[in-house]
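Here are some exercises to work through with the structure on your screen. Try each task before you read its solution.

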Number of protein chains: 2
Amino acid sequence: MHPFTAHASESVSSLGELRLIAAIRRWLGAATPPAPFGIGDDCAVLPPSRHPQLITVDPVVYGEHFDDTIPPRAVAAKLLKRNLSDIAAMGGRPRAAVVALALDPRVSTRWLEQFYRGLAGAARACKVPIAGGDITRQSGGLSATLTLIGEASGPRVLTRHGAKPDDWIYVTGLLGGSILGHHYRFEPRLAEGAWLAAQREVRSLMDLSDGLAKDLHALTPKGATPSLSRQSIPISAAARTLAKRDNRPALAHALSDGEDFELLFTVAARTDRTKFETSWRKKFSTRLTCIGRFTRTLEPDALNLGDFHGYEHLR
Amino acid sequence: MHPFTAHASESVSSLGELRLIAAIRRWLGAATPPAPFGIGDDCAVLPPSRHPQLITVDPVVYGEHFDDTIPPRAVAAKLLKRNLSDIAAMGGRPRAAVVALALDPRVSTRWLEQFYRGLAGAARACKVPIAGGDITRQSGGLSATLTLIGEASGPRVLTRHGAKPDDWIYVTGLLGGSILGHHYRFEPRLAEGAWLAAQREVRSLMDLSDGLAKDLHALTPKGATPSLSRQSIPISAAARTLAKRDNRPALAHALSDGEDFELLFTVAARTDRTKFETSWRKKFSTRLTCIGRFTRTLEPDALNLGDFHGYEHLR
């Protein structure tokens, strides 16, 4: 659906500010609690937290993260899920979200209604209240920025730092080709992230947003290099489809494409991997793959990640 | 300073993503703590809170909230202070901020450096760490969205609801004409808000962002109307200057202009106002004015706020 309308009567400008805010509350319905816990005061109020808190912010921008081919409900769901994936990536659970919308007055009311109804649906599905937000004018623009407040699911927060040489490297799901649909249909790995944070042998965790080849640098400890087995990389069907279209190897798509939103983590070298993987499979149907380990020098048969690039922003 | 450059070598696109993020960290300096408490992981971590938490989000958009005449340092300071004013408006103190930037690749590195150095300065001045953020591309656009996490300064959060008929209405500072400079030079009333939240006779609180005539509706209890004394409205020098220029009454500017960022609050009818005002003046040099009270019907000599409008967004 195209977000802009040439008919003033179908645009948000025809509603005016007060009626627009009233409409947004109606569209959000039960997804926004009564003020001051939801929309309607200077700040949203959130009860005190017991565990360490987590904060993340990610936008969706028209022309960058979505276009006319993505239904507005899916745009909203993607916005929330991108941020949920960041909370999952530290082993946390989400608590509340605020959304800042910047839009041209010619945005159609119909597009916006679908967007907020989609946000409400996604928020109810993962039990995250939409606690507040802001709406502002931006000539020619349409973007929504969501900030998500979460909380560690226990006393431990899993960061990107903690891996050591010889540690094993794991990834969830299948990689590459996200642009064919996964980039807005994915499920954030919240339950998996929380479980990983409770396992002592898991040492570091992140989510894949810019492609394994680029993102893995963030987990790589000093004095080590990732030695990945070429055969073990879990390649998605979408990556294979893209590979046929553009004559690049499917592996290149799996390593370089952005927006996988899968978890990447490391496990201590001494771990009983069979036991660890069995425990995982008892809890989750999500695919889990050990793709290699950190070594002091690149192993002879290992993939050279220097041959692959991840998604580069601001290009 | 104009934010865009025609010379690719002076634009953020020439830096590329990794060098840009490294530069932002450098510009922020001590204003961003080491990860995971600052920039560098999937989420920023914030220690648990004891009191209820507050969340607010406000953007600054090029062409809407600032233009080439406002120095980028002042744009950044305004962005942080707008949000601080919302925390002040509930009697809280700020704890951490995250900033999402959306920009065209032609934005000049020099503009962005000044923006982040200004943000760092403002953040250090009010002791709010910049805990994280996001940077994304938006063709033709330039906006920054800041989410501020705060905490009640005590067990009590002062909301917009709580005023009763006969309660007194107070305002801090001087009103109107903000466009002449106050809109980015103002000081958020954090200490004043926290003090008000600790006074039992204070029943409701908000900050003025869209003009008194519009904002006061939010505090008005059911079955009452604000009866304001025309002579008591504290009119700023800037409102008088504007009035001379456009031949509108200075009072109209004081009631209708946006971005005063002063506090508006109500005090129980039975309060000893002399004692209350004396306590205020012992703590603060900030001007305090009782502008009227809520009455069952509009008093004969009172201002008719229906004659004035506040700032209307999305026009």
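Two strands pair if DSSP finds at least two bridges between them. Keep that rule in mind, and remember that the model you are looking at is predicted.

**Exercise 1. Find the partners of β10 in chain B.**

Task: Which strands of chain B pair with strand β10 (residues 288-295), and over how many bridges?

Solution.
Step 1. Begin with strand β6 (residues 168-172) of chain B: five bridges link β6 to β10 of chain B, and the pairing is antiparallel. To see one such pair, look for Thr172(B), which stands opposite Leu288(B).
Step 2. Now turn to strand β8 (residues 225-228) of chain B, which pairs with β10(B) over four bridges, again in the antiparallel sense. Here Pro226(B) has Phe294(B) as its bridge partner.
Step 3. Check against the rule: a pairing needs at least two bridges, and β10(B) has five with β6(B) and four with β8(B).

**Exercise 2. Follow the sheet around β5 in chain B.**

Task: Which strands pair with strand β5 of chain B, and is β5 buried or exposed?

Solution.
Step 1. β2(B) and β5(B) run antiparallel and are joined by nine bridges. In this pairing, Leu54(B) stands opposite Gly150(B).
Step 2. Strand β3 (residues 92-103) of chain B also pairs with β5(B) in the antiparallel sense, over 11 bridges. Ala100(B) and Thr145(B) are bridge partners there.
Step 3. For burial, the cut-off is 20 or more other C-beta atoms within 10 Å. In β5 (residues 142-152) of chain B, 11 of the 11 residues are buried, so this strand is largely enclosed by the rest of the structure.

**Exercise 3. Describe chain A as a whole.**

Task: How many helices and strands does chain A have, and how does its radius of gyration compare with the globule rule?

Solution.
Step 1. Count the elements: chain A has 10 helices and 10 strands.
Step 2. Its radius of gyration is 21 Å, and the globule rule gives 20 Å for 315 residues; the two are close, so chain A is as compact as a globular protein of that length.
Step 3. Along the principal axes, the C-alpha atoms of chain A fill a box of roughly 65 × 50 × 35 Å.
Step 4. Of its 315 residues, 54% count as buried. Among contacts in chain A with a separation of 6 or more, 88% are between residues 24 or more positions apart.

**Exercise 4. Relate the two chains.**

Task: What turn lays chain A on chain B, and what does the contact between them look like?

Solution.
Step 1. A turn of 180° with a shift of 0.0 Å along the axis lays chain A on chain B, with an RMSD of 0.0 Å. That is the relation of a two-fold axis.
Step 2. Find Ser49(A): of the residues of chain A, its C-alpha comes closest to the rotation axis, at 2.7 Å. The same surface serves both copies, as 100% of the contact residues of chain A recur in chain B.
Step 3. In the contact, 61 residues of chain A meet 61 residues of chain B. Strand β2 (residues 53-61) of chain A gives the largest share of chain A's side, eight residues. That side divides into 28 nonpolar, 21 polar and 12 charged residues.
Step 4. Strands pair across the chains too: β1 (residues 44-46) of chain A and β2 (residues 53-61) of chain B are antiparallel over three bridges. Val45(A) has Leu54(B) as its bridge partner.

**Exercise 5. Compare two residues after β10.**

Task: Are Leu305(A) and Tyr311(B) buried or partly exposed?

Solution.
Step 1. Leu305(A) lies in the segment after β10 of chain A, and Tyr311(B) lies in the segment after β10 of chain B.
Step 2. Leu305(A) has 21 C-beta neighbours inside 10 Å, so Leu305(A) counts as buried. Tyr311(B) has 17 inside 10 Å, so Tyr311(B) counts as partly exposed.
Step 3. Look for contacts beyond four places in sequence: Leu305(A) touches Ala213(A), Leu216(A) and Pro226(A), while Tyr311(B) touches Asp210(B), Gly211(B), Lys214(B) and Gly258(B).
Step 4. Finally, see how the fold joins distant parts of the sequence: Leu305(A) and Lys214(A) are 91 residues apart in sequence and 8.3 Å apart in space, C-alpha to C-alpha.

Conventions
Residues are numbered from 1 along each chain as its sequence is written. Chains are lettered from A and ligands numbered from 1 in the order in which they are written. This is a predicted model: local features need pLDDT of at least 70, side-chain atom pairs count only at pLDDT 80 or more; totals for chains, interfaces and linings use all residues. Helices (H or I, at least four residues) and strands (E, at least two) are DSSP runs, numbered from the N terminus. The radius of gyration is taken over C-alpha atoms; the globule rule is 2.2 Å times the number of residues to the power 0.38. A residue is buried if 20 or more other C-beta atoms lie within 10 Å of its own, exposed if 12 or fewer, and partly exposed in between; C-beta atoms are placed from the backbone. Two residues are in contact if their C-beta atoms, placed from the backbone, lie within 7 Å. Copies are superposed by least squares on the C-alpha atoms of residues with pLDDT of at least 70 in both. Ala, Val, Leu, Ile, Met, Phe, Trp, Tyr, Cys and Pro count as nonpolar, Asp, Glu, Lys and Arg as charged, and the others, Gly among them, as polar.
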